[in-house]
Amino acid sequence: MAASPSSTMILSSKSSRASLSWKNQLASTSAFRVSAVTLPRRSPRQCPRFVVFSMDAKPTVLVAEKLGEAGLKLLKEFANVDCSYNLTPEELCTKISLCDALVVRSGTKVTREIFESSGGRLKVVGRAGVGIDNVDLAAATEHGCLVVNAPTANTVAAAEHGIALLTAMARNVAQADASVKAGKWLRNKYVGVSLVGKTLAVMGFGKVGSEVARRAKGLGMHVIAHDPYAPADRARAIGVQLVSFDEALASADFISLHMPLTPATKQILNDETFAKMKKGVRIVNVARGGVIDEEALVRALDAGIVAQAALDVFTVEPPPKDSKLIQHENVTATPHLGASTTEAQEGVAIEVAEAVVGALKGELSATAVNAPMVPAEVLLELKPFVVLAEKLGRLAVQLVAGGSGVKSVKVTYGSARAPDDLDTRLLRAMITKGMIEPISSVFINLVNADFTAKQRGLQISEERLILDGSPESPVEFIQVQIANVESKFASAISDLGEIRVEGRVKDGVPHLTKVGSFEVDVSLEGSIILCSQVDQPGMIGKVGSVLGEENVNVSFMSVGRVAPRKQAVMAIGVDEQPSKESLKRIGEIPAIQEFVYLGL
Ligand SMILES: NC(=O)C1=CN([C@@H]2O[C@H](COP(=O)(O)OP(=O)(O)OC[C@H]3O[C@@H](n4cnc5c(N)ncnc54)[C@H](O)[C@@H]3O)[C@@H](O)[C@H]2O)C=CC1
Ligand SMILES: O=C(O)C(=O)COP(=O)(O)O
């Protein structure tokens, strides 16, 4: 047997609890079976990659809208960057099949057709801004495409623009400016209203909304807010009272909109809700045009329910030239300028470029929109378990006999951590990845793992086993069980009749520690051969010499057995893939009852 200096041989003398069921399983299979599974070998990865794809060549990033120079520079350091602005939807669909990432602002609709046209190459969409209502998130998720945005860099710019519109509207700045330029001097016409002491209702008390509230308080306004998801203490901290939607409408002199456009907020201001407002209310919208029914707003303006509106955003951008809303004398309009300051655009460009490059490198993004965000410190801690999870999934599925559809998978995490102190979404996604990728052409990542599992009718249930002891390590072991299937390696069937593999992380390296009811210990690197036999002297030597003759390096070897000279499972870690001939010869060793080769 060839063994590298660093390889370790473990002969486990721990006896495994045997059960009747494995004997039954064994009896139901032929005494000897050659079950070699050959899977494409993947290079071992030291750290988890969540958006994984071949990165031999430089990736290509299509920047479809103007992006700040600093962001472009960052992208160019890592990728080929194609800046093509004002593409038609058809041109975008054609180009996208050559791109790994797409960067847009609010002016590009990233539709299902775009994901479909990409042929699976598009892996990241970067939204250089906050609102992602122009990206079909469901389609992105289904195609395993990560969507990242730049959620913080334009907050102040949008809030400042909201305040600019509020004050400009109250004092008729835009209308007065136009009249002066037209040679008029209408001092009586443009008498405004004061802000001090007036009630401002901030609808959507997130990043922008709370910055607007802060500034409006500085102007002496009484600020209330409506946001069903905002924590009351954050509002209290800046002296803002959270109220119900109807209360906000009924008591506001000014309403400023700062919620995202979602199915729930679409046309949230409409005939019915305008009717609930104080007569003469003034409205500012720096959120999205679609949150207002624009025709209803024209009616409300004409009826004097709404005295004035200041709008930065529109349902269709740019709005039609003859839009009654835009032409209305009590409307102040800007062309979606909320994020358009030099500072915000540089910040947004850097924020999105960093997120896109990180995602292309396979790192988890802190600004992922359609994938769980995992804080860096949690990720670091979970890294080896993430690798373990994928490998256990990969092993478990290879133990399933052909033709048995996998439907029900149970994952058990043994941990001394409190239940809410362990985020298992990553681990679950990687188990799914490990299980589905070897048996399909679907690319799985954290984005589409749950979706793909559901689509394939694969039910993954999770269980936590709370262990005594130190919670220093997030996970002690991970066990994967597949129910209601036959196994091509009968010894992998546990006493509960399910395929079972269990693993642990030892010194940062994932190990397989249980197969069926047999305890083994083999590092999950390279590939694994599992053999079952009646425990007897010389078995390791026999298998080792077959592999050695072919110069296949054995990295780990371990035997789990019921008791000395009773039923045993031998797990052998190999660095190279043995030839079919060698595997056949291992199968022909008389004492070996069955064996399986598992690629990792
Ligand atoms: N005009 C422009 O150039 C810009 C526009 N925006 C828009 O502003 C929106 C808000 O941006 P951020 O404050 O950064 O986002 P954010 O996510 O920090 O805040 C949004 C808030 O809206 C709340 N919300 C959700 N549904 C609601 C509902 N039905 N009623 C009331 N509140 C609801 C959320 O709980 C959240 O607190 C963005 O989604 C974007 O559409 C943002 C930046 C620039
Ligand atoms: O960040 C947002 O949500 C914005 O609306 C800004 O849009 P923009 O990037 O300026 O097209």
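Asn-553 counts as buried, with a relative accessibility of 11%. That value, like everything else here, comes from a predicted model. Where does Asn-553 sit? Its place is the loop between α18 (539-549) and β21 (554-561). Follow the chain for 21 residues and you get to Val-574, whose C-alpha is 5.6 Å from the C-alpha of Asn-553.

**Around ligand 2**

Now for the ligand site. Ligand 2 is surrounded by Arg-105, Ser-106, Arg-127, Ala-128, Gly-129, Val-130, Gly-131, Asn-154, Arg-288, His-336 and Ala-339. Sorted by character, that shell has five polar residues, three nonpolar and three charged. Some of these residues put a polar atom close enough to an oxygen atom of the ligand to count as a polar contact, for which the cut-off is 3.5 Å. Ser-106 does it through its side chain, with a polar atom 2.5 Å from a ligand 2 oxygen. Gly-131 uses its backbone instead, and here the distance from a polar atom to an oxygen of ligand 2 is 2.7 Å. For Arg-127, a polar side-chain atom sits 3.0 Å from an oxygen of ligand 2. How much of the ligand's accessible area does the protein cover? On its own ligand 2 has 320 Å² of accessible area, and the protein covers 91% of that.

**Salt bridges**

Side chains of opposite charge can pair when their charged atoms come close. A search of the whole structure turns up 24 salt bridges. Here are three of them, with their N to O distances.

| Acidic residue | Basic residue | N to O distance |
|---|---|---|
| Asp-253 | Lys-278 | 2.9 Å |
| Asp-271 | Arg-299 | 2.8 Å |
| Asp-423 | Arg-425 | 2.6 Å |

Take the pair Asp-253 and Lys-278, joined by a salt bridge of 2.9 Å. Asp-253 is in the loop between α10 (245-251) and β10 (254-257), while Lys-278 is in the loop between α11 (271-274) and β11 (281-285), so this pair links distant parts of the chain, 25 residues apart. Lys-278 has a relative accessibility of 34%, which makes it partly exposed.

Asp-271 and Arg-299 also meet in a salt bridge, at 2.8 Å. What does this pair tie together? Asp-271 belongs to helix α11 and Arg-299 to helix α12 (residues 294-302), so the bridge connects parts that are 28 residues apart in sequence. Both ends are partly exposed: Asp-271 has a relative accessibility of 40%, and Arg-299 has 42%.

The bridge between Asp-423 and Arg-425 comes in at 2.6 Å. Asp-423 is partly exposed at 26% relative accessibility, and Arg-425 is partly exposed at 32%.

Salt bridges can also join up into a network, as they do for Glu-390, Arg-394, Lys-433 and Glu-437.

**Helix α2**

Last stop, helix α2, which spans residues 69-78. Which of its residues are buried? They are Gly-71, Leu-72 and Leu-75. Looking down the axis of α2, these buried residues fall within an arc of 100°, so they line one face of the helix. The face turned away from that buried side carries Glu-69, Lys-73 and Glu-77, which are exposed.

Terms used:
Residues numbered from 1 in each chain as written. Chains lettered and ligands numbered in written order. Predicted model: local features only at pLDDT ≥ 70, side-chain atom pairs only at ≥ 80, totals over all residues. Heavy atoms only, no water. Near = heavy atom within 4 Å. Polar contact = N/O pair within 3.5 Å; in protein donor to acceptor, adjacent residues only side chain to side chain. Areas by Shrake-Rupley, 256 points an atom, 1.4 Å probe, with all protein chains shown as cover. Nonpolar A, V, L, I, M, F, W, Y, C, P; charged D, E, K, R; others polar. Salt bridge = Lys/Arg side-chain N within 4 Å of Asp/Glu carboxyl O. Helix = DSSP H or I, 4+ residues; strand = E, 2+ residues; numbered from the N terminus. Buried < 20%, exposed > 50% of the residue type's maximum accessible area, 1.4 Å probe, protein only. Arc of directions from axis to C-beta.
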